Every structure is written in C-alpha cells, then in structure tokens.
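Work through the exercises below with the model open. Each task is followed by its solution.

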Amino acid sequence: MSLHIGSITPDFEQDSTHGRIRFHEWLGQSWGILFSHPKDFTPVCTTELGRAANLKQEFEKRGVKMIAVSVDDVESHKRWIGDIEETQSAHLEYPILGDSDRKVARLYDMIHPEANDTLTVRSVFFIDPNKKIRAVITYPASTGRNFQEILRVIDSLQLTDNYKVATPVDWKDGDDVVIVPALQDPAELATRFPKGYRAIRPYLRLTPQPNR
Ligand code: BEZ
C-alpha cells in the first residue's frame with residue numbers, strides 16, 4: 001500500500017518500551033510524529049533519539065506526541081536507551097516500538113530494498129488529530145535528520161490549517177507568510193489580514209504571520 005499525504009495513517013498493534021501500543025488509540029486526538037531508525041546501537045540514530053528527547057517541551061508545546069521505531073526488539077531498545085541517555089545527556093520519555101518482525105516498517109514502506117534489504121530508511125510521518133498523514137520526509141541511513149526542520153514543518157502545518165496562508169521558502173515561525181492565491185475578495189482580505197499585505201505580484205502577496 002502506498003501512503004500519501006492525506007492518507008489515514010495505518011493502524012497497528014506492537015510492543016514498545018512503554019508496553020503494548022495500539023497506534024490509533026495511542027495517538028488519541030493529538031498530532032503525532034512516527035520516525036524510523038535503521039538499527040539499535042548505531043551512532044547517527046543515537047544522536048537523533050537524544051535530540052528528540054531533549055526537544056520534548058517543544059513538541060509538547062505544539063501538542064505533538066513522538067514515537068520512534070527501530071527494527072530490533074524492545075529488550076534491545078531498553079539497553080540502548082541507557083547509552084542514549086548517557087551519551088546525549090537526555091532523558092527519553094517517548095516510546096520506541098519494537099519491530100523485529102518488521103510489521104511497522106513494512107506497513108509504512110520504511111524498507112527501501114535498493115538501499116538496504118532489512119534496515120529501514122529514516123522516515124518521519126507527520127500525523128494530524130484526524131489521523132491523516134500530513135507530511136513525510138525520508139532520508140538515507142547515512143544522513144541524520146534536522147529536528148528543527150521537523151518542528152518547522154509542524155509549525156507550518158498548524159498555522160496553515162488555521163489561516164488562509166502558506167509558508168514560503170525557509171520560513172520560520174514569526175516570519176511573513178504568503179496569502180493563498182485563491183483568496184481574492186477585497187472584503188475578506190481586509191478582515192482576514194487586518195495588518196495588511198504587500199503584493200509583489202498579484203499571486204505573491206506577503207503578510208505578517210496572522211497569529212502573532
Ligand atoms: C547510524 O545510525 O549511524 C547508521 C545506521 C545504519 C547505517 C548507517 C548509519
């Protein structure tokens with residue numbers, strides 16, 4: 001099954017470092033990110049899991065639950081967490097799914113056989129409170145992810161859900177945003193964007209971030 005932006009995120013039941021998890025039930029009404037790791041006790045993954053743990057408050061502020069998956073079993077994950085906490089000065093409070101049967105990896109197409117037959121790539125699935133996949137990023141095992149970029153994507157998704165705007169290149173929270181081209185009615189523009197806007201082209205209109 002291929003997963004697209006807008007697909008309902010597939011449900012599953014799997015063991016984790018926090019016990020048995022039924023994914024949809026675990027997500028509840030929250031946003032979520034599900035991120036995969038090729039293997040336990042590997043260097044890049046160790047740094048990523050530590051960074052995710054240290055950004056706990058940033059994810060919480062945005063109402064996002066984090067869950068990781070790696071193709072080893074839960075006992076291995078528990079031993080690895082000790083190393084992650086010690087080497088990354090982190091305290092891991094989010095669950096890591098055991099996936100030695102590759103159930104989650106297969107369901108989410110995280111194994112790319114042309115890269116590696118058995119290990120996952122580094123995927124991140126961004127899931128909204130309606131359990132829709134809203135964004136996906138995929139990196140090879142050799143490239144660690146940028147967790148500031150993950151937070152930036154969440155900020156963009158949450159902002160653009162609530163206002164008729166989109167976020168331009170390299171946008172970060174607080175920067176100007178663009179007004180969606182479909183919005184043309186002058187009265188609605190004035191109501192929605194009381195701070196005004198700059199029209200560089202009729203289709204390229206910049207406005208201060210409306211929730212600031
Ligand atoms: C790592 O996390 O360091 C890693 C994992 C698999 C292949 C290459 C690097």
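**Exercise 1. Sort the shell around the ligand by class.**

Five residues of the shell are nonpolar, one is polar and one is charged. Here Ala, Val, Leu, Ile, Met, Phe, Trp, Tyr, Cys and Pro count as nonpolar, Asp, Glu, Lys and Arg as charged, and the others, Gly among them, as polar. Next, put names to the shell: Pro-38, Thr-42, Pro-43, Val-44, Cys-45, Arg-122 and Ala-141. A residue qualifies if one of its heavy atoms lies within 4 Å of the ligand. Finally, assign the elements: helix α2 (residues 43-54) contributes the most, three residues. Helices are DSSP runs of H or I with at least four residues, strands are E runs of at least two, and both are numbered from the N terminus.

The model is predicted: local features need pLDDT of at least 70, side-chain atom pairs count only at pLDDT 80 or more, and totals for chains, interfaces and linings use all residues. Residues are numbered from 1 along each chain as its sequence is written, and side-chain values use heavy atoms, without hydrogens and water.

**Exercise 2. Find the polar contacts (N or O pairs within 3.5 Å) of the ligand oxygens.**

Start with the backbone. A polar backbone atom of Val-44 is 2.7 Å from a ligand oxygen. For Pro-43, a backbone N or O atom lies at 3.2 Å from one. Then take the side chains: Arg-122 places a polar atom 3.0 Å from a ligand oxygen.

**Exercise 3. Which residue just after α4 takes a positive phi?**

Locate α4 at residues 74-88. Just beyond, Ser-89 has a phi of about 50 degrees.

Technical notes:
A polar contact is a pair of N or O atoms within 3.5 Å; within protein, one must be able to donate a hydrogen and the other to accept it, and residues adjacent in sequence count only if both atoms are side-chain atoms. The expected span of a helix is 1.5 Å times one less than its number of residues.
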